[in-house]
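I opened this one up to see how the ligand sits and how a few helices are laid out. Notes follow in the order I looked.

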Amino acid sequence: MTKKSGYAAIIGKPNVGKSTLMNSIVGAKLAIVTPKAQTTRKRVLGIYTSENTQIVFMDTPGILKPMHDLHKAMLSYIDKSLKEADIVLLLIDLEKFNSIDTYFHSSFLSTLKKIRKPVIVALNKTDLKNDKKDILPVISQLNNSGFINEILPISALKKDGVDTLLTTIEKYIPTGEFYYDPELISDQPQRFFVSEIIREHVYTLYSEEIPYSTEVVISEFKERDSGKWYISAEIIIEKQSQKGIIIGAGGKKLRQLGERARIDIEDHLQNEIYLDIFVKVREKWRKKPVFLKSFGY
Ligand code: GDP
Ligand code: MG
C-alpha cells in the first residue's frame with residue numbers, strides 16, 4: 001500500500017483552541033492549554049499516524065502583532081511552520097467571528113493567499129452554539145473568499161467532527177514515506193514536556209504579568225533504573241520583585257506549584273520523581289536575545 005506523509009500547520013488567533021485540537025488528535029497532552037492567551041510559545045509537533053498516513057501537526061503560537069523580542073520569536077515559528085507545511089489548518093473561534101476581514105489582519109490574509117497551499121478551515125467551539133443553523137452563514141461567507149479548500153465545523157474540546165477533519169486533511173497529504181517512527185507522537189524530548197507542565201501550573205497559580213514573564217528551564221533530568229527520578233527546574237523571572245510573589249508567604253505558593261507539577265509530571269512520565277524548583281532572576285529576559293537564545297527560542 002502506498003504511504004502518505006505530510007506536515008499540517010495549525011494556525012489561528014490566540015485562544016481559538018489550537019493546542020486543544022492537537023492534543024485531541026494525537027490523543028495525548030502535548031501542548032499546554034489554558035484560558036489565558038499566548039500559552040504556546042514555541043512550535044510543538046504532534047504526530048498522528050494511521051495505517052497508511054502520517055500527519056505531522058505543528059501547533060503554533062497565536063497570530064499577534066509583535067510587542068517585544070519574545071513575540072518576534074513566536075511569530076517566526078508561525079512563518080517557519082507555514083513554509084514547511086503541506087497544508088494549512090486554519091482555526092477560527094465561532095464565538096468571536098463575524099467577518100473574515102474584521103477577524104483576520106489583512107497582512108495575514110495576503111500571506112495566506114500567497115503561499116498557495118491547501119487551506120482547511122476548522123470552525124471551532126460548535127459546542128457553544130445552541131443553534132447549529134448559525135454556522136451556515138459563516139460557511140457561505142468563507143466559501144466566497146476564494147482561497148479556502150474545505151470548511152468544517154468542529155469541537156476540539158468535545159472531539160466532535162475531529163475524525164471527519166482528519167479524513168479531509170488526509171486527502172491533501174502527498175504520497176511519501178513516513179517522516180517519523182509510527183510509535184512516536186512528538187519530536188520533543190521528555191524534558192520539554194516536563195518544563196511545559198511546570199509552565200502550565202505557573203499559568204494557573206499566578207496572575208497578571210507573572211505567567212507571561214516566566215520561563216521554565218530544566219537544569220537536571222536524571223532517570224534511574226530503580227526508585228524516583230530526579231528533576232531540577234529553574235523558574236526564570238524578569239524582576240527581583242517577582243521572586244516574593246512566586247515563592248509566597250513562608251514558601252507556600254512555591255510548594256503548591258511543586259506539588260501540583262510533580263503529580264502531573266509523574267503521570268506523564270509514569271514514574272515517581274523528586275522535583276526541585278529554584279527561582280532565578282534574569283533581568284528583562286524577554287527583551288534580550290542572549291537569554292532568548294539560551295532558552296531555545
Ligand atoms: P490556543 O491558544 O489556540 O492554543 O487555545 P487553547 O487550546 O489553549 O484553548 C483556549 C481555551 O479554549 C481553553 O480554555 C480551551 O479549553 C477552550 N477550548 C478549546 N477548544 C474548545 C471547544 O471546542 N469548545 C469549547 N467550549 N472550548 C474550547
Ligand atoms: Mg496554544
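These entries go from the ligand site to two helices and then to one loop residue.

**Entry 1: ligand site.** First a reminder to myself that this is a predicted model. I asked which residues come nearest to ligand 1. Of 18 residues around the ligand, the nearest turned out to be Asn-15, Gly-17, Lys-18, Thr-20 and Asp-127. I then sorted the shell by residue class and got seven nonpolar, seven polar and four charged. Helix H1, residues 18-26, gives the largest share of that shell, with three residues.

**Entry 2: polar contacts.** Next I looked up some N and O pairs. The side chain of Lys-18 puts an N or O atom 2.8 Å from an oxygen of ligand 1. Ser-19 uses its backbone instead: a polar atom there is 3.0 Å from a ligand oxygen. For Asp-127 the ligand partner is a nitrogen, 2.7 Å from an N or O atom of the side chain. I also checked how much of the ligand is covered: alone it exposes 580 Å², and the protein buries 87% of that.

**Entry 3: helix H9.** I wanted to know whether the length of H9 (residues 252-269) adds up. Its 18 residues at 1.5 Å each should span 26 Å, and the end C-alpha atoms are 26 Å apart, so the two agree. Then, which residues of H9 are buried? My list reads Leu-254, Leu-257, Gly-258, Ala-261, Ile-265, Glu-266 and Leu-269. Looking down the axis, I find these buried residues within an arc of 150°, so they line one face of the helix. That spacing makes sense to me, because an α-helix has 3.6 residues a turn and residues three or four places apart point the same way. On the face turned away from the buried side I noted Lys-252 and Asp-267, both exposed.

**Entry 4: helix H7.** I ran the length check again on H7, residues 190-205. For its 16 residues I expected 22 Å at 1.5 Å a residue; the end C-alpha atoms are 23 Å apart, which agrees. How many residues of H7 are buried? I got 13 of 16, so I wrote this helix down as mostly covered.

**Entry 5: Arg-116.** Last stop was the loop between helix H4 (106-114) and strand S5 (119-124), where Arg-116 is found. Is Arg-116 buried or exposed? Its relative accessible area is 75%, and the cut-off for exposed is over 50%, so I put Arg-116 down as exposed. I also took the C-alpha separation from Ile-87, which is 29 residues away along the chain, and got 9.4 Å.

Key
Residues are numbered from 1 along each chain as its sequence is written. Chains are lettered from A and ligands numbered from 1 in the order in which they are written. This is a predicted model: local features need pLDDT of at least 70, side-chain atom pairs count only at pLDDT 80 or more; totals for chains, interfaces and linings use all residues. Side-chain values use heavy atoms; hydrogens and water are left out. A residue is near a molecule or strand if one of its heavy atoms lies within 4 Å of it. A polar contact is a pair of N or O atoms within 3.5 Å; within protein, one must be able to donate a hydrogen and the other to accept it, and residues adjacent in sequence count only if both atoms are side-chain atoms. Accessible areas come from the Shrake-Rupley method with a 1.4 Å probe; for residues, only the protein chains shown count as cover. Helices (H or I, at least four residues) and strands (E, at least two) are DSSP runs, numbered from the N terminus. Ala, Val, Leu, Ile, Met, Phe, Trp, Tyr, Cys and Pro count as nonpolar, Asp, Glu, Lys and Arg as charged, and the others, Gly among them, as polar. The expected span of a helix is 1.5 Å times one less than its number of residues. Buried means under 20% relative accessible area, exposed over 50%, partly exposed in between (1.4 Å probe, protein chains only). The arc is that of the directions from the helix axis to the C-beta atoms.
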